[in-house]
Amino acid sequence: MEEITDINPDDYKKDYVAKAGSPLAEGKTTASRDDIIEALKTVSDPEIMINIWDMGLVYKIEQKANADVYIEMTVTSPMCPVAGVLPQQAADAVASINGVGKVEVKIVWEPAWSLANLSDEAKEMFEMF
């Protein structure tokens, strides 16, 4: 069997963009940032079983005047096997709450994720292992 020695993590840094939702009807109340964060907390990295918010994977939440939401997030590694799944799960979770229009979630690679991104609650969970 041939040994593979030339794996370049940059080869895995693909653009992942997930979309969900539809325009919010005029006159509807816009969801709060806290509502969006709570929705993101329902999405967990299946290998670690900690939600993406407490993992510190979400870098940016931008709420637009028309209730559309743009999110930038990362994954723990460019070779993460769920890099193509987590953005869609996040988009679907946020789009499912009242007061949100269209949702776009994009994977970004800078800055790279590190354990320093973990919330205090997530750090406590890691200490249990």
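I take a residue as buried when its relative accessible area is under 20%, and with that cut-off I found that buried residues make up 37% of the 129 residues in the chain. I note at the outset that I am working from a predicted model.

**Entry: overall layout**

I went through the secondary structure and listed three helices and four strands, which follow one another from the N terminus in the order β-α-β-β-α-β-α. I then looked at how far along the sequence the contacts reach: among contacts between residues at least 6 apart in sequence, 71% join residues at least 24 apart.

**Entry: the helix pair α1 and α2**

I looked up helix α1, residues 33-40, against helix α2, residues 86-95, and noted that their axes come within 8 Å and cross at roughly 135°. Angles of 65 to 115 degrees count as roughly perpendicular and those over 145 as roughly antiparallel, and α1 and α2 are therefore oblique to each other. I recorded the crossing of α1 past α2 as right-handed. On the side of α1 the contact is made by Ile36, Ala39 and Leu40, and on the side of α2 by Ala90, Ala93 and Val94. Sorting this contact by class, I counted six nonpolar residues, with no polar and no charged ones.

**Entry: the nonpolar core**

I turned next to the largest nonpolar core, which has 35 residues, and found that Leu40, Ile52, Met73 and Val94 touch the most other members. Two or more residues of this core come from each of β1 (17-20), α1, β2 (58-63), β3 (69-73), α2 and β4 (103-107), and the largest share, five residues, is given by α2. Two of the residues that touch the most other members, Leu40 and Val94, I had already met in the contact between α1 and α2.

I followed Ile52 further and, leaving aside residues up to four places away in sequence, listed its contacts as Leu40, Val43, Ser44, Leu57, Val58, Met73, Leu86 and Ala90. Leu40 and Met73 in that list are also named among the core residues that touch the most other members.

**Entry: Lys19**

I last checked Lys19, which has its place in strand β1. Is Lys19 buried or exposed? Its relative accessible area is 57%, and since exposed means over 50%, I entered Lys19 as exposed. I also noted that, not counting residues up to four places away in sequence, Lys19 touches Gln88, Ala91, Val103 and Glu104. For Lys19 and Ala91 I recorded a separation of 72 residues in sequence and of 6.0 Å in space, C-alpha to C-alpha.

Notes: Residues numbered from 1 in each chain as written. Predicted model: local features only at pLDDT ≥ 70, side-chain atom pairs only at ≥ 80, totals over all residues. Heavy atoms only, no water. Axes fitted to C-alpha atoms, helices over the stretch in contact; angles between N-to-C directions. Parallel < 35°, antiparallel > 145°, perpendicular 65-115°, else oblique. Left-handed = near helix turned anticlockwise from the far one by under 90°. Contact = heavy atoms within 4.5 Å. Nonpolar A, V, L, I, M, F, W, Y, C, P; charged D, E, K, R; others polar. Core = buried A, V, L, I, M, F, W, Y, C linked by side-chain atoms within 4.5 Å. Buried < 20%, exposed > 50% of the residue type's maximum accessible area, 1.4 Å probe, protein only.
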